[in-house]
Amino acid sequence: EAQALADAAAHEAEAPSLVASPTVRDWLAEWLTRKRATVRPQTYFAYEAHARLHIVPAIGHVRIDALTPPHIDTLHASLARRVSGTTAHHVHMTLKAALNGAAKRGHRVSNALAAVDAPHRHTKDIETLTRAEVDRLLKAAYGDPLEALYVLAVTLGMREGELLGLRWQHVHLEARRLVVATNATRALDGSHVLTAPKTAAGKRTLYLPRIAVDALVRTPRAGDLVWPGPDGQPMPAQTLFSRRWVPMRKGARIRAVSFHALRHTAATLALEDG
C-alpha cells in the first residue's frame with residue numbers, strides 16, 4: 001500500500017498542474033490581503049509600497065513558477081537606479097517572504113531568488129547635532145508648544161512615535177519621571193492611533209532631567225495627549241517633521257538633519273558624558 005501511494009504521489013508531482021501558477025502581481029495582491037490582518041500597519045505599508053512601486057512594475061507579469069535569475073536581475077537593476085541599497089535589500093526580502101508564502105499555500109514557486117544575492121545594504125553615517133547646535137535648538141525652542149518634545153528627544157532619546165503618543169497620565173513631574181507606554185502609529189485606514197510598544201523593552205520608565213521638567217511645566221494642556229493634533233488624535237509624524245521640525249531647525253541654524261537625529265544625538269552626548 002505504501003509503495004502504491006508513493007507511485008501515485010510521484011505521478012501526480014510529475015503531471016502538469018491543472019491550475020496555472022499566479023503571476024507575481026496576482027500573488028502579491030493575495031498575499032498582501034492576508035498580511036493586512038496579521039502584521040503591524042507600518043509593516044503592511046512597507047510591504048505594499050515595495051510591491052506597488054518596485055516589484056510589480058519590474059516583474060509583475062511573470063508567473064511565480066517561471067521566475068528566472070535574469071528576472072531577479074531586472075528587478076535589482078531597476079532598484080539600483082531608483083533607491084538606496086538598504087531599500088533595495090528590503091524589497092528583495094519582501095519578494096522572498098511573498099514567494100515563501102506562496103509555497104506554503106501549495107503553489108509551485110521558482111527557486112530563482114535563491115540563485116541571486118540580495119542587494120547589499122549600505123550603512124549610512126549616523127547624523128548627530130553638535131553641542132553648539134543643541135544649545136541653539138534649546139534656545140530657539142524655549143516657549144514653543146513643542147519645546148518639551150524637542151528636549152525629551154535630545155536628552156532622553158525618545159522615538160518620534162513615543163513622543164507623539166505620550167499621555168499626561170504617564171508624566172509624573174513631581175517624581176521627575178515618565179513612562180513610555182504608548183506609541184503613535186498610522187493605522188490601515190490612514191488614521192493615527194495609539195498602540196503598545198513593539199517590544200517588551202520598549203515599555204520603560206525614564207527619569208527626567210530638570211530641563212525636561214521645566215519644559216513640560218510650560219507645555220499647554222489640551223487633552224489626554226501631551227501633543228495632540230488638531231482633532232485631538234495623535235499628531236501625524238509628517239506634520240511634526242514638515243510643519244514643526246523643519247522651521248524650528250532652520251530657525252536654530254541647524255544643518256538639514258532628520259528629526260530622528262535628535263535620538264542619535266542623545267545617545268552620543270550620553271556616551272561622551274560617561
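This passage describes the overall form, the strand pairing and several individual residues of a predicted protein model.

The protein chain contains 11 helices and 5 strands. Its radius of gyration is 25 Å, whereas a compact globule of 274 residues would have a value near 19 Å. Along the principal axes, the C-alpha atoms occupy a box of roughly 80 × 40 × 40 Å. Of the 274 residues in the protein chain, 40% are buried. Among contacts with a separation of 6 or more, 70% are made by residues 24 or more positions apart. The accessible surface amounts to about 15,400 Å², and carbon and sulfur atoms contribute 54% of this area. The chain carries 36 positive and 25 negative charges, and the mean positions of these two sets lie 6 Å apart.

Three of the strands are arranged as an open sheet. The order of this sheet is S1-S2-S5, and its pairing is antiparallel. Strand S1, at residues 171-172, and strand S5, at residues 204-207, occupy the edges; each has a single partner strand, so one side of each has no neighbour in the sheet. Strand S2, formed by residues 177-180, is joined to S5 by 4 bridges, and the two strands run antiparallel. Within this pairing, Arg-177 is placed opposite Tyr-207 in S5. In a regular strand, side chains alternate between the two faces of the sheet.

A further antiparallel pairing links strand S3, at residues 183-186, with strand S4, at residues 192-195, through 4 bridges. Arg-186 has His-192 in S4 as its bridge partner, while Ala-184 is bridged to Leu-194 in the S4 strand. S3 and S4 form a hairpin with 5 residues between the strands, and in this hairpin Gly-190 adopts a positive phi near 95°.

Positive phi values also occur outside glycine. Most residues other than glycine have a negative phi. Arg-176, which is not a glycine, nevertheless has a positive phi of about 55°. Arg-176 is located in the loop between S1 and S2. The relative accessibility of Arg-176 is 32%, so this residue counts as partly exposed. Arg-253 likewise is a residue other than glycine with a positive phi, here near 55°. The position of Arg-253 is in the loop that lies between helix H10, residues 237-251, and helix H11, residues 261-272. With a relative accessibility of 58%, Arg-253 counts as exposed.

The helical part of the chain is illustrated by a buried position. Thr-94 belongs to helix H5, which covers residues 85-104. Thr-94 counts as buried because its relative accessible area is 2%, which falls under the 20% limit for buried residues. When neighbours within four places in sequence are left aside, the contacts of Thr-94 are with Trp-31, Tyr-47, His-50 and Ile-55.

Definitions and conventions. Residues numbered from 1 in each chain as written. Heavy atoms only, no water. Rg over C-alpha atoms; globule rule 2.2 N^0.38 Å. Buried < 20%, exposed > 50% of the residue type's maximum accessible area, 1.4 Å probe, protein only. Contact = heavy atoms within 4.5 Å. Areas by Shrake-Rupley, 256 points an atom, 1.4 Å probe, with all protein chains shown as cover. Lys, Arg positive; Asp, Glu negative; His and termini not counted. Charge placed at Lys NZ, Arg CZ, Asp CG, Glu CD. Pairing = 2+ DSSP bridges.
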